[in-house]
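Student: I would like to go through this model with you, one question at a time, and I would be glad if each answer set out its reasoning before it reached the value or the name.

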Amino acid sequence: MSPAGTIAVVGSINVDLSAQVVRHPRPGATLHGRGGRMTPGGKGANQAVAAAKLGGSVEMIGAVGTDAQSEVGLSGLRSAGVGLGGVREVEGPTGLAIVTVADGGENSIVVIAGANDAVDAAQVAASRAVLEDAAIVVCQGEIPRDGIEALPELVGGRFLNPAPVMELDPAVLRASDPLVVNEHEAALVLAQLSPGTEVPSQPAQIATALREAGIASVVLTLGAQGSLVADAEGQHRIPAAPVTAVDTTGAGDAFIGALAVGLARGESLPLAARFASRVGAFAAAGHGAQPSYPGTEDPLPVLSGEGA
């Protein structure tokens, strides 16, 4: 039996090739970049590392290739103490993300799936025991559809199905508790669950529409405006923690990892989202994805409108 509060993350493991640029290149343009660093990444691995660095007991289910980059992809997971029993090695390259970060922190990312394409229904089923025992199971849209769709019937605890949104069986989306999306992604989910429904213009209305479409709880992320939580208890506005953004790569994954930790500790969804907002802001103020994540001793930024 896994320890109480275990978090299982089913998702991608990548190597991030990052470069800093003055601005993102226009079509046909060539820019000089700075950095060229290779660091561990992938939405799944990022979320697992973020949760583990915050004190969570985390198991990773994913895949790496047989190339030399696999060690880079696994290095952050190992350093954070994430369990790797569910990570398999498959023939071919490890997943790769090519990241450009403009001055001001905005990023642009191209992802090449590589070994992540092997995280299918069969691999997910092979980790049944971990998934059934976990308090929280987190997945993302960077693995094959059948791998994600195999999850709900194996999950014994709470299922977080965050972005990026992809075409899925509506039953999988409705199993999410919470579904974590931004406004654009929320529109895509509504289109899948309620075809022909006009997407409301206001965040509160969007969250209501998602709940009416069968989603148990929703965290609607709103950038600098924070987030909106909607669950059976009502709607709750969560402020952002204002920071000077250096690099937003992986900040959303830090938010998800922290949200999972809060829920695994038994916190309410609004309280977990407040913690996640502070952790995501901390990550945006640092360089890279996993290297920017806080540990348990790091002071977190304060939410807007609140004292230190």
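Student: How many residues lie between β12 and β13 in the hairpin that they form?

Tutor: Please keep in mind that this is a predicted model, in which local features need pLDDT of at least 70 and side-chain atom pairs count only at pLDDT 80 or more, while totals for chains, interfaces and linings use all residues. Residues are numbered from 1 along each chain as its sequence is written, and side-chain values use heavy atoms, with hydrogens and water left out. β12 and β13 run antiparallel and are joined by five bridges, where helices (H or I, at least four residues) and strands (E, at least two) are DSSP runs numbered from the N terminus, and two strands pair if DSSP finds at least two bridges between them. D231 has G234 of β13 as its bridge partner, and the number of residues between the two strands of the hairpin is two.

Student: Which strands stand at the edges of the sheet that contains this hairpin, and why is one side of each left without a neighbour?

Tutor: The sheet is open and has four strands with mixed pairing, in the order β10-β11-β12-β13. Each edge strand has a single partner strand, so one side of it is left without a neighbour in the sheet, and these edge strands are β10 (179-182) and β13 (234-238).

Student: Which residue of β12 is the bridge partner of V218?

Tutor: Strand β11, residues 218-221, pairs with strand β12, residues 227-231, in the antiparallel sense over four bridges. Within β12, the bridge partner of V218 is A230.

Student: At roughly what angle do the axes of α7 and α8 cross?

Tutor: Helix α8 (residues 203-212) lies across β10, β11, β12 and β13. The axes of α8 and of helix α7 (residues 183-193) come within 10 Å, the axes being lines fitted to C-alpha atoms, for helices over the stretch in contact, with angles that run from 0 to 180 degrees between N-to-C directions. The two axes cross at roughly 35 degrees.

Student: Which residues of α7 and α8 make that contact?

Tutor: Contact means heavy atoms within 4.5 Å. From α7 come E183, A186, V189 and L190, and from α8 come P203, I206, A209 and L210.

Student: How far apart are the axes of α9 and α10?

Tutor: Two packed helices are described by the angle between their axes and the distance between the axes. For α9 and α10 the angle is about 145 degrees. Among the residues in this contact are F255 and L259 of α9 and F275 and V279 of α10, and the distance between the axes is 7 Å.

Student: Which helix supplies the largest share of the largest nonpolar core?

Tutor: A nonpolar core is a set of buried Ala, Val, Leu, Ile, Met, Phe, Trp, Tyr and Cys residues joined through side-chain atoms within 4.5 Å; buried means under 20% relative accessible area, exposed over 50%, and partly exposed in between, with a 1.4 Å probe and protein chains only. The largest core has 44 residues, and among those that touch the most other members are I7, V58, V138 and L259. The largest share of this core is nine residues, and they come from α9.

Student: How many residues of helix α1 are buried?

Tutor: Helix α1, which spans residues 43-53, is mostly covered, and what covers its buried residues includes β1 (7-10), β4 (58-64), α2 (69-80) and α9 (251-264). The buried residues include N46, Q47 and V49. Of the 11 residues of α1, the number buried is nine.

Student: Is V130 buried or partly exposed, and why?

Tutor: V130 is found in helix α4, residues 128-133, and, leaving aside neighbours within four places in sequence, V130 is in contact with A8 and E59. The C-alpha atoms of V130 and A8 are separated by 7.1 Å, although the two residues are 122 residues apart along the chain. Because its relative accessibility is 24%, V130 counts as partly exposed.

Student: Which residue of β3 is the bridge partner of S18?

Tutor: Strand β2, residues 14-21, pairs with β3 in the antiparallel sense over seven bridges, and both strands belong to an open sheet in the order β3-β2-β6-β7. The bridge partner of S18 in β3 is R37.
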